[in-house]
Amino acid sequence: MKKACLLFSLMILAAISSFCQSNPNIQFFPEGTILKGNIPYNNDNHQKHLLDLYLPKDAKGKIPLVVLIHGGAWLSNDKYADMGYMAKTMAEIVSNGIAIASIDYRFSTEAIFPANLQDCNRAISYLFDNADKYGFDTKRFAVMGFSAGGHLANMVGLSKNNNIPNFFMKGSSTAFSIKAVVDFYGPAELVLFPGAEDVKSPESILLGAAPLARPDLAKIASPITYVDKNDPPFLIIQGEKDESVDPKQSKLLSAWLNAVGVKNEMIIVKGAPHYGTMFDVEDVRNKVISFLKLQLK
């Protein structure tokens with residue numbers, strides 16, 4: 001009996017702890033920010049088919065939305081990642097009347113590309129289809145991603161106007177459009193990675209093969225493949241000392257966008273590594289907010 005009571009008490013404590021820690025980032029947002037957590041976006045029970053909404057307090061009319069895609073080499077982290085070291089930027093976005101949807105997606109260790117891109121598009125489709133429920137303006141959607149999430153944000157933004165069937169789940173709506181992309185150090189060309197010949201590298205796990213062994217697969221999964229004149233404007237932010245994603249990746253993406261006449265700006269953060277609070281400084285934050293306000297007005 002004592003063991004049963006002890007077990008029950010431990011279960012209660014675990015449940016309380018889980019509840020208290022369910023969203024570690026809401027503390028960073030302005031007082032009154034409305035959180036709608038762990039919303040299933042694919043009508044299933046998969047733990048990676050969930051998203052969190054951060055809605056501005058007292059929002060009136062239809063509000064713009066930024067869809068946030070986390071990093072983690074396509075095989076780690078979750079929808080809370082990146083937001084912590086970008087806390088001031090996240091708070092400023094919501095303070096300016098823009099909602100944030102932070103999404104989870106399947107890891108490449110579970111399902112190779114384009115499964116994670118399908119998940120991202122499915123989440124955005126859900127948000128589009130339920131825009132009236134949450135108060136979103138369907139004509140003012142942007143995507144923002146970090147590292148691997150930057151790659152996926154770039155893929156969403158660049159490939160959407162091509163409406164490639166394999167990039168969407170069966171039966172998923174393709175009616176949405178993307179007005180702007182904010183890319184924090186996202187890969188643009190997979191064969192440029194130093195690990196492009198290593199079958200154990202993250203990019204190889206993403207594809208199910210080493211990029212240089214299967215350049216056809218690498219091309220399909222590389223954002224620059226889909227650059228055309230009809231793409232949305234980009235803000236590209238890259239660390240000068242990035243040890244994981246070479247700055248050449250961002251420079252290549254910007255060059256391709258320039259080549260077809262797509263508006264873009266690239267910011268190289270002096271001395272910055274792959275990620276961290278050096279990207280949450282005032283001058284970078286102001287660029288992000290100004291870009292979003294201009295493109296989502």
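This passage describes helices, a pocket and selected residues of a predicted model.

Helix 5 covers residues 148–159 and has 12 residues. From its first C-alpha to its last it reaches 16 Å. That is close to the 16 Å expected at 1.5 Å a residue. Of the 12 residues of helix 5, 12 are buried, so the helix is largely enclosed by the rest of the structure. Among the buried residues are Ala 148, His 151, Asn 154 and Ser 159. Gly 149, Gly 150 and Gly 157 are buried as well. So much for the polar and small side; Leu 152, Met 155, Val 156 and Leu 158 are also buried.

Helix 3 spans residues 115–129. It has 15 residues and reaches 21 Å between its first and last C-alpha atoms. The expected value, at 1.5 Å a residue, is 21 Å, and the helix is close to it. Helix 3 is mostly covered, with 13 of its 15 residues buried.

Asp 119 is found in helix 3. Its relative accessibility is 0%, so Asp 119 counts as buried. The side chain of Asp 119 makes a polar contact of 2.8 Å with the side chain of Arg 106. Beyond residues up to four places away in sequence, Asp 119 touches Tyr 41, His 49, Tyr 105, Arg 106 and Met 169. Arg 106 thus appears both as a polar partner and in the list of touching residues.

The loop between strand 4 (99–103) and helix 3 holds Ala 111. Ala 111 has a relative accessible area of 17% and is buried, because the cut-off for a buried residue is under 20%. Ala 111 and Leu 206 are 95 residues apart in sequence. In space, their C-alpha atoms are 8.2 Å apart. Pro 114 lies in the loop between strand 4 and helix 3. The peptide bond from Phe 113 to Pro 114 is cis, with omega near 15°.

The largest pocket has a volume of about 260 Å³. It is lined by 20 residues, and the closest to its centre are Gly 72, Ala 73, Ser 147, Ala 148 and His 274. Ala 148 is also one of the buried residues of helix 5. By type, the lining divides into 12 nonpolar, 6 polar and 2 charged residues.

Asp 52 is placed in strand 2, residues 50–55. Its relative accessible area is 1%, and Asp 52 is therefore buried. Two polar links involve its side chain. One is a polar contact of 3.4 Å with the side chain of Asn 23. In the other, a polar atom of the Asp 52 side chain lies 2.7 Å from the backbone nitrogen of Asn 38. Residues up to four places away in sequence aside, Asp 52 touches ten listed partners, including Leu 35, Lys 36, Gly 37, Lys 79 and Tyr 80. Ile 100, Ala 101 and Ser 102 are also touched by Asp 52.

Strand 2 and strand 3 (63–69) are joined by a loop that holds Lys 60. Lys 60 is exposed, with a relative accessible area of 77%. Lys 60 and Gly 97 are 37 residues apart in sequence, while their C-alpha atoms are 9.0 Å apart in space. Asp 58 also has its place in the loop between strand 2 and strand 3. At 60% relative accessibility, Asp 58 counts as exposed. Asp 58 has a positive phi of about 55°, although it is not a glycine.

Asp 82 has a positive phi too, near 70°, and is a residue other than glycine. Its place is the loop between strand 3 and helix 2 (87–95). Asp 82 is buried, with a relative accessible area of 12%.

Asp 246 lies in the loop between strand 7 (234–239) and helix 8 (247–260). At 40% relative accessibility, Asp 246 counts as partly exposed. A polar atom of the Asp 246 side chain lies 2.8 Å from the backbone nitrogen of Lys 248. Asp 246 and Pro 194 are 52 residues apart along the chain, and their C-alpha atoms are separated by 9.3 Å.

Notes. Residues numbered from 1 in each chain as written. Predicted model: local features only at pLDDT ≥ 70, side-chain atom pairs only at ≥ 80, totals over all residues. Heavy atoms only, no water. Helix = DSSP H or I, 4+ residues; strand = E, 2+ residues; numbered from the N terminus. Expected span 1.5 Å × (residues − 1). Buried < 20%, exposed > 50% of the residue type's maximum accessible area, 1.4 Å probe, protein only. 1 Å grid on protein atoms, 1.4 Å probe; cavity = no way out; pocket = protein on both sides within 12 Å on 5 of 7 lines; lining within 4 Å. Points joined across faces, edges and corners; volume = space filled by probe spheres on them. Nonpolar A, V, L, I, M, F, W, Y, C, P; charged D, E, K, R; others polar. Polar contact = N/O pair within 3.5 Å; in protein donor to acceptor, adjacent residues only side chain to side chain. Contact = heavy atoms within 4.5 Å.
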